[in-house]
Amino acid sequence: KAKQLEGKGVDDVYTGELHSGKQMAKDAKKDMLARFERLYTRIDKIFADMKSIMSEGSSPKKGARMSVQSEESLGKLAQTNLELSTMEGRVAEIAAELPAASKDDVAKLKTELALIESKAKQLEGKG
């Protein structure tokens with residue numbers, strides 16, 4: 001989802017023909033691209049942690065394998081947990097940024113928070 005959002009939400013915004021908001025748009029894109037990179041790094045680390053946990057004998061019986069269906073279900077739950085954790089982290093960041101935010105920043109944060117809420121509802125429904 002993050003890679004899709006990066007492609008559709010950031011890369012699809014062209015700043016070359018802008019005038020009055022050109023620098024603001026360029027700064028916003030740069031900031032968001034950096035955030036995406038941090039998000040990808042965090043996701044990669046968490047996946048590595050998950051892989052390590054899964055290989056440390058978390059199976060129901062030592063040496064026993066889980067069914068394919070169980071592994072798929074647990075994998076989906078792990079992915080959902082990861083996405084939820086990311087959303088929770090960003091919501092906490094937004095809350096921390098709010099007291100010092102300008103009116104323009106508050107508008108951006110409000111839009112982002114609404115998007116997170118929408119994605120959370122989707123995630124809750126489909127997992």
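In helix H4, the residues Leu109, Glu112, Ile116, Lys119 and Leu123 are buried. This description concerns a predicted model, and it proceeds from H4 to its partner helix, then to the nonpolar cores and the overall fold.

The spacing of the buried positions can be read against helix geometry. An α-helix has 3.6 residues a turn, so residues three or four places apart point the same way. The span of H4 was also compared with expectation: its 24 residues should cover 34 Å at 1.5 Å a residue, and the end C-alpha atoms are 35 Å apart, which agrees. For helix H3, the distance from the first C-alpha to the last is likewise close to the expected value. The two helices are set out below.

| Helix | Residue range | Number of residues | C-alpha end-to-end distance | Expected span |
|---|---|---|---|---|
| H3 | 68–97 | 30 residues | 43 Å | 44 Å |
| H4 | 103–126 | 24 residues | 35 Å | 34 Å |

Within H3, the buried residues are Thr80, Leu82, Glu83, Thr86, Met87, Arg90 and Ile94. These buried residues pack against two elements, H2 and H4.

The packing of H3 on H4 has an angle of about 160°, and the two axes lie 11 Å apart. Because this angle is over 145 degrees, H3 is roughly antiparallel to H4. The crossing of the pair is left-handed. On the H3 side, the contact is made by Thr80, Glu83, Leu84, Met87, Arg90, Val91, Ile94 and Glu97. On the H4 side, Leu109, Glu112, Leu113, Ile116, Lys119, Ala120 and Leu123 take part.

Two nonpolar cores are described here. The largest consists of six residues, namely Phe36, Leu39, Tyr40, Ile43, Met50 and Leu82. Helix H2, which covers residues 22–55, supplies the largest share of this core, with five residues. A second core, separate from the largest, holds five residues, among them Met87, Ile94, Leu109 and Ile116. Met87 and Ile94 belong to the H3 side of the contact with H4, while Leu109 and Ile116 belong to the H4 side.

At the level of the whole protein, there are four helices and zero strands. The order of elements from the N terminus is α-α-α-α. Of the 127 residues, 19% count as buried. Among contacts between residues at least 6 apart in sequence, 58% join residues at least 24 apart.

Definitions and conventions: Residues numbered from 1 in each chain as written. Predicted model: local features only at pLDDT ≥ 70, side-chain atom pairs only at ≥ 80, totals over all residues. Heavy atoms only, no water. Core = buried A, V, L, I, M, F, W, Y, C linked by side-chain atoms within 4.5 Å. Buried < 20%, exposed > 50% of the residue type's maximum accessible area, 1.4 Å probe, protein only. Expected span 1.5 Å × (residues − 1). Contact = heavy atoms within 4.5 Å. Axes fitted to C-alpha atoms, helices over the stretch in contact; angles between N-to-C directions. Parallel < 35°, antiparallel > 145°, perpendicular 65-115°, else oblique. Left-handed = near helix turned anticlockwise from the far one by under 90°.
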